[in-house]
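Hi,

Here is the structure I said I would pass on. Have a look at it first, and then read on for what turned up in it.

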Amino acid sequence: MSDLQRTPLHAFHVAHGGRMVDFAGWDMPVQYKSILEEHKAVRTTAGLFDVSHMGEVDVSGSDAEAFLNQLVTHDVSSLYPGRVLYSPMCRPDGGVVDDLLVYLRGPSRYFLCINASNIAKDLAWMRDQASGFDDVTINDRSDDYALLAVQGPAAEKIVQSLTGAKLPILGTYHFQEGTVAGVHGMISRTGYTGEDGFELYHAAADAPALAEALLAAGTPHGLQLAGLGARDSLRLEAGYPLYGHELNDDLSPIAAGLGWTVKFKKPAGFTGSAALASEKQNPDRRRVVFFRTGDRRIVRAGTPVLNEAGAAVGVVLSGTLSPVLGEAIGSAVIPANEVANPLSVEIRGTSFTLQLVKPPFVELKKSS
Amino acid sequence: MSDIPADRRYAKSHEWVLNDGDGLVTVGISDYAQESLGDITFVEAPAVGDTLSAGDVFGVVESVKAASDLYAPIGGEVVAVNEALDSAPETVNQSPYANGWIMKLRPADVAQIAGLLDSEAYAAETA
């Protein structure tokens, strides 16, 4: 356990009763008091998450836009300063290296947020992909930044009480530089819960002071500290993919239902475009679907998905209990042509029919 | 430090047995077990009328994290299960020794209880 990495908030988590677990090599709080309670707090009031394990990368130079537009599937040229873009980043075969957020800070100055488990792999991939461009600089800033997420319907009220920034006019997937509780950083109206909320990028050394200030300001509004357990159930309830589950080396954005992030019409093309275009046309392609079962028994990742004849046609990718519905929910990959057929899973000898659902599983009041 | 009442006996697999004094015993899981499992989302209890031997798997307790088998600490016939857990399994987290009980048994041999750990031995086991 001694070689696990720690965020600048490790002592904060331990002091607040966080149950620490190994997550992708990081010693992180999976929960404080209860995953279910933390989840419900985010849906009804607010939750505070430490996601400082995420990676940050600066990309700059006169070729930065052209480079990023080749690197990711979404259209980076649609960005303007202050705008955030979600995109997968694929290999030539269409498999996903990672999914990430692209921020445009100023002309030719981009900032990327990448998954903690993929930092080394992503940097190596990006540097390799940049070799054909003359003026691109890639800087790993992961150790410099801490990242706190305040998520939930009360998030705006809580963060606004600590900043002069005009949050009501900051739209979803927009960001600005600003100061929260005296800590300078980037205020990003993004998140991974399906609720309104903010992600605050700031200097690692400032993290404990900012976390305490957010906790103190949020507690009267019902804010709770929330761990990675609630983060996972919230994202699944919202229908967001998690790298390693709904997206991976073998599951493309087309399979994952993220076709809206794949811009085939980008003039210079992008890595993976040919493979993804051909996959899109293939009637035998696979598809990620979301399901509920009407029962409380959790359908765990790896459970086979059975067709009417009892043959395994797919596999469960993620599964949990929706704390809001009180029912098992999950995702699975199946052949696209099985979508209309009856599908089931077996748990400890009992069969459950999968009811396919277009997520989110719950009504989200997210502002736009 | 978990709560370990002295009025009952414990199995190494973290179930407890309380002699009800009316020919029946009540079985549940310890505070240590519920704390380790985290949020309990489902309890699969046996059917009333099932006959269990000591060590038999009699059910499953599921948390967000994992599903764990439950082992009969002693043998006997299942005479009741806690149906309230069907809709409120979190009761096991909130009240592992009272409202969160899982089943009642008519023991095959009540003397088997004495072979289980007392609260001190169980405290040592979970220290």
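Let's start with A:Pro220, which sits in the loop that links helix H6 (207-218) to E13 of chain A. Keep in mind that this is a predicted model. Is A:Pro220 buried or exposed? A:Pro220 has 11 other C-beta atoms within 10 Å, and a residue counts as exposed at 12 or fewer, so A:Pro220 is exposed. If you want a landmark from elsewhere in the sequence, try A:Ile158: 62 residues separate it from A:Pro220 along the chain, and the two C-alpha atoms are 9.2 Å apart.

Now to a helix with a lot around it. H2 of chain A spans residues 35-44 and is mostly covered, with 7 of its 10 residues buried. Which ones are they? The buried residues of H2(A) are A:Ile35, A:Leu36, A:Glu38, A:His39, A:Ala41, A:Val42 and A:Arg43. And what covers them? The cover includes four strands of chain A, namely E2 (26-31), E3 (47-50), E9 (145-151) and E13 (224-225), along with helix H7 (228-238) of chain A. You'll recognise E13 here as the strand at one end of the loop that holds A:Pro220.

H2 turns up again where the two chains meet. On the chain A side, 11 residues are in contact with 7 residues of chain B. H2 and strand E16 (312-322) are the elements of chain A that give two or more residues to that side. Sorted by class, the chain A side has 4 nonpolar, 4 polar and 3 charged residues.

Zooming out, chain A is split into three parts: domain 1 (10-50 + 144-237), domain 2 (55-140) and domain 3 (283-357). As you can see from those bounds, domain 1 is made of two stretches of the chain, written as 10-50 and 144-237. The C-alpha centres of domain 1 and domain 2 of chain A are 25 Å from each other. Their contact draws on 10 residues from domain 1 and 8 residues from domain 2 of chain A. What kinds of residue does domain 1 bring to this contact? Its side has 6 nonpolar and 4 polar residues, and no charged ones.

On to chain B. It has 4 helices and 9 strands, and starting from the N terminus the elements read β-β-β-α-β-β-β-β-β-α-α-β-α. Its radius of gyration is 13 Å, close to the 14 Å that the globule rule gives for 127 residues, so chain B is as compact as a globular protein of that length. The C-alpha atoms fit a box of roughly 35 × 35 × 20 Å along the principal axes. Of the 127 residues in chain B, 41% are buried. Among its contacts with a separation of 6 or more, 62% join residues 24 or more positions apart.

One piece of chain B to look at is an open sheet of 3 strands, in the order E4-E6-E7 with antiparallel pairing. E4 (40-44) and E7 (67-71) of chain B are the edge strands, each pairing on one side only. On average, neighbouring strands in this sheet are turned by 25° against each other, direction ignored. E4(B) and E6 of chain B (residues 57-63) pair over 4 bridges in the antiparallel sense. Across that pair, B:Phe42 stands opposite B:Glu62 in E6(B).

Cheers

Methods
Residues numbered from 1 in each chain as written. Chains lettered and ligands numbered in written order. Predicted model: local features only at pLDDT ≥ 70, side-chain atom pairs only at ≥ 80, totals over all residues. Buried ≥ 20, exposed ≤ 12 C-beta atoms within 10 Å, placed from the backbone. Nonpolar A, V, L, I, M, F, W, Y, C, P; charged D, E, K, R; others polar. Domains from an automatic or database assignment. Pairing = 2+ DSSP bridges. Axes fitted to C-alpha atoms, helices over the stretch in contact; angles between N-to-C directions. Rg over C-alpha atoms; globule rule 2.2 N^0.38 Å.
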